[in-house]
Amino acid sequence: MQKLIVGLSGASGVIYGIRLLEVLRDIPEVETHLILSKGAEVTLRLETQYNADDVKALANVVYDPENLAAAVSSGSFRVMGMVVIPCSMKSLAQIALSLNDNLLTRAADVTLKERRKLVLVPRETPLHLGHLRHMVSLAEMGAVILPPAPSFYHAPKTIMDLIDQTVGKVLDQFGIGHGLFRRWGGDDA
């Protein structure tokens, strides 16, 4: 079984992380290891009907974001990679600067140092030069920067269609099969 670390930070758009966990719950080959930041818990209350316990119940393993001795803080703990969805600019900057003062940023740092796939879904707009520089720095370190930028070739009808398209793009980065959106077909689109 493959293990995937899923981090939810305090950025707006926490529904992306919830939806990813919902989809992964139905894929028995993937075990999810959740880090739910304190900021994400606040955002849950502001943006959704979910509470922290609801979200934690979607994951196979849940970690305290302050526990820097957790399994995912070590490179010897084998995982396929990590996704931070949504990724606040604070978390993005901390990861870019290797400021490992919480488990989410420590696990991301370990993912990079072990040359495993790190996917960051930044949820901020507009971006200033500092944001962009941190993103460039992370891309140079090997991270994938995957903003939730909706496409419309799959003819979305609902907000959930747009969310699923981004979640599907995240799953694609890890080679996890799904049917969350209709792919671009060129001439037959």
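How many nonpolar, polar and charged residues does the lining of the largest cavity have, by class? The legends below describe close-up views of a predicted model, and the first of them takes up this question.

**Figure 1. The largest cavity and the residues around it.** By class, the lining of the largest cavity comprises six nonpolar residues, two polar residues and one charged residue. The residues concerned are Ile5, Val72, Ser74, Phe77, Val79, Ala107, Val110, Thr111 and Arg116. Helix 5 makes the greatest contribution to this lining, with three residues. The volume of the largest cavity is about 40 Å³. The structure contains one cavity of 30 Å³ or more.

**Figure 2. The largest pocket and its lining.** The space in the largest pocket amounts to about 210 Å³. Its lining is formed by 14 residues, and those closest to the centre of the pocket are Ser37, Lys90, Ser91, Gln94 and Asn102. Two helices, helix 2 (38-47) and helix 4 (89-96), each provide at least two residues of the lining. Helix 4 accounts for the largest share, namely three residues. Grouped by class, the lining of the largest pocket has eight polar, four charged and two nonpolar residues.

**Figure 3. The open sheet of six strands.** The strands of this sheet follow the order 3-2-1-4-5-6, and their pairing is parallel. Strand 3 and strand 6 (144-145) are the edge strands, since each of them pairs on one side only. Strand 2 and strand 3 are paired in the parallel sense over three bridges. At one position of this pairing, His33 has Val61 in strand 3 as its bridge partner.

**Figure 4. Strand 1 beside strand 2.** Strand 1 (residues 2-8) and strand 2 run parallel and are joined by seven bridges. Between strand 1 and strand 2, the chain passes through helix 1 (residues 14-25), and this β-α-β crossover is right-handed. Lys3 lies opposite Glu31 in strand 2. Leu8 likewise has an opposite residue in strand 2, namely Leu36.

**Figure 5. The two sides of strand 2.** In a regular strand, side chains alternate between the two faces of the sheet. In strand 2, Val30, Thr32, Leu34 and Leu36 point one way, whereas Glu31, His33 and Ile35 point the other way. Are the residues on these two sides buried or exposed? The residues of both sets are all buried. Strand 2 (residues 30-36) is accordingly described as mostly covered, with seven of its seven residues buried.

**Figure 6. Ala71 in its loop.** Ala71 belongs to the loop between strand 3 (61-63) and strand 4 (81-87). The relative accessible area of Ala71 is 33%, and the residue therefore counts as partly exposed, a class that lies between under 20% for buried and over 50% for exposed. When its neighbours within four places in sequence are left aside, Ala71 is in contact with Tyr63 and Phe77. Phe77 also appears in the lining of the largest cavity. Ala71 and Leu103 are 32 residues apart along the chain, and their C-alpha atoms are separated by 10.0 Å.

**Figure 7. Two cis peptide bonds that precede proline residues.** Most peptide bonds are trans. Which bonds depart from this pattern in the present view? The peptide bond from Ile85 to Pro86 is cis, with omega near 0°. Pro86 is part of strand 4. The peptide bond from Thr125 to Pro126 is also cis, with omega near -10°. Pro126 is located in the loop between strand 5 (117-122) and helix 6 (129-141).

**Figure 8. Ser98 and Arg115, two residues with a positive phi.** Most residues other than glycine have a negative phi. Ser98 is not a glycine, yet its phi is positive, at about 55°. This residue is situated in the loop between helix 4 and helix 5 (103-113). With a relative accessibility of 37%, Ser98 counts as partly exposed. Arg115, which is not a glycine either, has a positive phi of about 60°. The loop between helix 5 and strand 5 is where Arg115 is found. Is Arg115 buried or exposed? Its relative accessible area is 70%, and Arg115 is therefore exposed, a class that requires over 50%.

How values were computed:
Residues numbered from 1 in each chain as written. Predicted model: local features only at pLDDT ≥ 70, side-chain atom pairs only at ≥ 80, totals over all residues. Heavy atoms only, no water. 1 Å grid on protein atoms, 1.4 Å probe; cavity = no way out; pocket = protein on both sides within 12 Å on 5 of 7 lines; lining within 4 Å. Points joined across faces, edges and corners; volume = space filled by probe spheres on them. Helix = DSSP H or I, 4+ residues; strand = E, 2+ residues; numbered from the N terminus. Nonpolar A, V, L, I, M, F, W, Y, C, P; charged D, E, K, R; others polar. Buried < 20%, exposed > 50% of the residue type's maximum accessible area, 1.4 Å probe, protein only. Contact = heavy atoms within 4.5 Å. Pairing = 2+ DSSP bridges. Right-handed = clockwise from strand over helix to strand, strands pointing away.
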